[in-house]
Each structure stands twice: as C-alpha cells, then as structure tokens.
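Please walk me through this protein model, step by step. I am new to reading structures, so keep it plain.

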Amino acid sequence: MIARGLARLYWALSRWTLRTEQPPTDKPGILIGAPHTSNWDFVLMLAISGSVGIKVRWLGKHTLFKGVMGPFARALGGIPVDRRDPSRVVDDIVARVRSGEVFSLVITPEGTRGKGDHWKSGFYRIARETGMPVTLGYVDRTTMTAGLGPTIALTGDVRADMDVVRAFYADKAGFEPSRRTEPRLREEDRTEPGATTAEGEPVG
C-alpha cells in the first residue's frame, strides 16, 4: 500500500506520464527495462512497479551490496551478481521460482547506459530455462511516457522472438535517446533464421 501510494504521488508530480498494460501478478516473470540510457530509469521502474502492484527484483554488481548500501539494495529487491561467475545467477533465479516466490525480475539487456551494438542474452536464457514470461517495460523521452507493454512467451526461435521485441521498441527512445541500443542479440548474427538457442552472453 505504501509503495502504491508513493507511486501515485510520483506520477502526480512528475512530468512523465504512466501508460501501461497490467502484467501477470500471480506468477514470476521477467521485466525488460529498455531503452536503458540513464540512472533515472531505476526511479521510473520503481514508480511503475508500485503502480501496477508487482514485486520486483533486479540484478546488480555484487559490490553494490557491500557496506552500508547492502541492506538498502536488498530491501529494494536487489540480487547481487558476481560477473566472474554469472551462471550462478541463473541457478539462484531457478531456485527462487521453484520455491514459489512470485516476483518480476527486472533486467536491462543493454548492459550499460551507453550506446552499444547488441543486447546481452541473459534475459533470454533465464526465460527459456525457467519458463518465465517476458514483459516489455519502456521509457520514451519523445512522448514523456513510461510503463509496461505486452507480456510475451519466448518460443526459442531467437530471431522471431527478437522481431517481436524490436517491433515494440521501434518507437521508444529512452531517457537519453542518443544512447539507445537497437534490440538485437549476437546469436541472431551467428545463426540462420529459425535458430533455437541463445547462449554465451553474461547476464545483463
């Protein structure tokens, strides 16, 4: 109730407008945060999740969870990631899902707030291994809107799935449009149409 009240206050006072679809709240899922171009994306994500009533968890460098910031980061739903062994994150998420925990795992596939060439495929691997649906969250500076789009089930056909993702984000510019990265996985460049796997990228 407190989170929803704070979220409503934020949207009432903010220049941004919430335009969102309602994601599933009865099962765990992955929430894509894109385009990820600014630290303000985190604030908008909290306001969005508070408004739609979902519990979010997010991945952060393990160093963020040390010292006085550790309890605060965990209270906001953070899960530490040691990039030297990213496979442990997948095991952790799978264990949480099997234990019955219901949450939306926020992942920013661009992996950086700067412009890049590809998205990282960690979200794809986690979704395929756990069966979690993927909700497309967005920030669009051109319309000053943010929110959640459709929730999709990945089929395993990487290129076809990413075509759906690209179509949704085609007109979404991010908080800093010049830093936007086109939604594309390296696996699409390595395989022929109809490819069925997405492997080899660190979780991002």
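Which residue takes a positive phi in the hairpin of β6 and β7? Met-144 does, with a phi near 55 degrees. The hairpin has four residues between its strands. Keep in mind throughout that this is a predicted model.

Start with the two strands of that hairpin. β6 covers residues 134-140, and β7 covers residues 145-152. They run antiparallel, joined by six bridges. Asp-140 in β6 stands opposite Thr-145 in β7. β7 is mostly covered, with six of its eight residues buried.

Now step back to the whole sheet. It is open and has seven strands. Read across it, and the order is β1-β7-β6-β2-β5-β3-β4. The pairing is mixed. Two strands form the edges, β1 (17-18) and β4 (78-81). Each of these pairs on one side only.

Walk across from the β1 edge. β1 pairs with β7 in the parallel sense over two bridges. Here Thr-17 has Thr-145 as its bridge partner. Thr-145 is also the residue that Asp-140 of β6 stands opposite. Past the hairpin strands comes the step from β6 to β2. Five bridges join these two, and they run parallel. One facing pair is Leu-31 and Thr-135, the latter in β6.

β2 covers residues 29-34 and also pairs with β5, in the parallel sense, over four bridges. Ile-32 has Ile-107 of β5 as its bridge partner. Then β5 meets β3 (residues 56-61). These two run parallel as well, with three bridges between them. Trp-58 stands opposite Val-106 in β5.

Pause at β5, residues 104-107. Which way do its residues point? Ser-104 and Val-106 point one way, while Leu-105 and Ile-107 point the other way. In a regular strand, side chains alternate between the two faces of the sheet. All four of these β5 residues are buried.

Next, look at a helix. α4 runs over residues 87-98, twelve residues in total. From its first C-alpha to its last it reaches 17 Å, close to the 16 Å expected at 1.5 Å a residue. Its buried residues include Val-89, Val-90, Ile-93 and Val-94. Why do the buried residues line one face of the helix? Seen down the axis of α4, they fall within an arc of 135 degrees, so they share one face. The face turned away from that buried side carries the exposed residues Arg-88, Asp-91 and Arg-98.

Finally, turn to the empty spaces. Rolling a probe the size of a water molecule over the atoms shows where empty space is left. How many cavities of 30 Å³ or more are counted? The count comes to one. The largest cavity has a volume of about 40 Å³. Among its lining residues are Pro-23, Pro-24, Lys-27 and Pro-28. Ser-104 of β5 belongs to the lining too, and so does Thr-135. By class, the lining has five nonpolar residues, three polar and one charged.

There are open spaces too. The second largest pocket has a volume of about 380 Å³. It is lined by 18 residues, and the closest to its centre are Ala-3, Leu-46, Ala-47, Ser-49 and Gly-50. Three elements give two or more residues to this lining: α1 (2-13), α2 (40-52) and β3. Eleven of the lining residues are nonpolar, four are polar and three are charged.

Conventions: Residues numbered from 1 in each chain as written. Predicted model: local features only at pLDDT ≥ 70, side-chain atom pairs only at ≥ 80, totals over all residues. Heavy atoms only, no water. Buried < 20%, exposed > 50% of the residue type's maximum accessible area, 1.4 Å probe, protein only. Pairing = 2+ DSSP bridges. 1 Å grid on protein atoms, 1.4 Å probe; cavity = no way out; pocket = protein on both sides within 12 Å on 5 of 7 lines; lining within 4 Å. Points joined across faces, edges and corners; volume = space filled by probe spheres on them. Nonpolar A, V, L, I, M, F, W, Y, C, P; charged D, E, K, R; others polar. Expected span 1.5 Å × (residues − 1). Arc of directions from axis to C-beta.
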